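User: Hi! I am new to protein structures and would like to learn how to read one. Could you take me through it step by step?

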Amino acid sequence: MLDFLTFVSQEWLLVSLFMLMLYAYIWRESRQGGKRITHHELTRLVNADAALVVDIRDAKEFSAGHIAGSINIPYSKIKDQLRDLESHRDKTIVLVDKYGQQTGAAGRSLAGAAFKPARLQGGLADWQMNNLPVIRGK
């Protein structure tokens, strides 16, 4: 540990540049998949009919509990089913998964097809942790 601290103190410029580049990479990657939105923002968008919620979990997880009004397009099929979203092109497509980890890649697919993706921060787990309602069944 002492060697590491010595290195950092002696090579502070290199370490600073590395940290800056790491931050820029993480920021860029997070923005490419769409903006992260909170459950408050999602509720506001849905109430204003400005968003469509797309749950990218598999059908079994979706039927166990999902956000009201959401549709299910599993992550593995998102590229093949973009045509199903054509009628919602003017809306923000909010992607939801269990913890918000796979939504970035799905968001990049949507952005590449000229949709406006967003990602629910924390996924369905955060939604449920905030005692927001879920629908069980299809």
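Analyst: Happy to help; we will go from the sheet to its helices, then to single residues and charged pairs. Keep in mind that this is a predicted model.

User: Let's begin with the sheet. In what order do the strands lie, and how do they pair?

Analyst: Read a sheet from one side to the other, naming each strand as you pass it. Here 5 strands form an open sheet, in the order β1-β5-β4-β2-β3, and the pairing is parallel.

User: Which strands stand at the edges?

Analyst: Look for strands with a single partner. Those are β1 (35-37) and β3 (71-72), so each of them has one side without a neighbour in the sheet. You can check the β3 end yourself: β3 pairs with β2 (residues 51-55) in the parallel sense, over 2 bridges. In one place to look, Asp-55 has Asn-72 of β3 as its bridge partner.

User: What does helix α3 touch when it packs on the sheet?

Analyst: For a helix on a sheet, list the strands it touches and then its direction. Helix α3 (residues 39-47) touches β1, β2, β4 (92-96) and β5 (116-120), and its direction makes about 95° with that of β1. Helix α5 (residues 103-112) also packs on the sheet, touching β4 and β5, with a direction about 155° from that of β4.

User: Which residues of α5 are buried?

Analyst: Go along the helix and ask how much of each residue is accessible. In α5 the buried residues are Thr-103, Gly-104, Ala-106, Gly-107, Ser-109 and Leu-110. After α5 comes Ala-114, which has a positive phi near 70°.

User: Now a single residue, please. Is Lys-91 buried or exposed?

Analyst: Compare the relative accessibility with the cut-off: under 20% is buried. Lys-91 has 15%, so Lys-91 counts as buried. This lysine is in the loop between β3 and β4. Leaving aside residues up to four places away in sequence, Lys-91 touches Asp-49, Ala-50, Ala-51, Leu-52 and Lys-116. With Asp-49 there is also a side-chain to side-chain polar contact, at 3.0 Å.

User: And where is Lys-98?

Analyst: Lys-98 sits in the loop between β4 and α5. With a relative accessible area of 41%, Lys-98 is partly exposed. Again leaving aside residues up to four places away in sequence, Lys-98 touches Arg-57, Glu-61, Gly-122, Gly-123, Leu-124 and Ala-125. Sequence and space can be read side by side too: Lys-98 and Ser-76 are 22 residues apart in sequence and 15 Å apart in space, C-alpha to C-alpha.

User: How many salt bridges does the structure hold?

Analyst: The general idea first: side chains of opposite charge can pair when their charged atoms come close. This structure holds 4 salt bridges. Let's visit some of them.

- Asp-55 and Arg-57 form one, with their closest N and O atoms 2.8 Å apart. Asp-55 is buried at 1% relative accessibility, and Arg-57 is buried at 8%.
- Lys-35 and Glu-41 meet in another, at 3.6 Å from N to O. Lys-35 is partly exposed at 42%, as is Glu-41 at 23%.
- Glu-86 and Arg-89 also form one, with 2.6 Å between the closest N and O atoms. Glu-86 is partly exposed at 40%, and Arg-89 is partly exposed at 29%.

User: So Asp-55 turns up twice on our tour?

Analyst: Well spotted! Asp-55 has Asn-72 as its bridge partner in the sheet, and Asp-55 also forms a salt bridge with Arg-57.

Note on methods
Residues numbered from 1 in each chain as written. Predicted model: local features only at pLDDT ≥ 70, side-chain atom pairs only at ≥ 80, totals over all residues. Heavy atoms only, no water. Pairing = 2+ DSSP bridges. Helix = DSSP H or I, 4+ residues; strand = E, 2+ residues; numbered from the N terminus. Contact = heavy atoms within 4.5 Å. Axes fitted to C-alpha atoms, helices over the stretch in contact; angles between N-to-C directions. Buried < 20%, exposed > 50% of the residue type's maximum accessible area, 1.4 Å probe, protein only. Polar contact = N/O pair within 3.5 Å; in protein donor to acceptor, adjacent residues only side chain to side chain. Salt bridge = Lys/Arg side-chain N within 4 Å of Asp/Glu carboxyl O.
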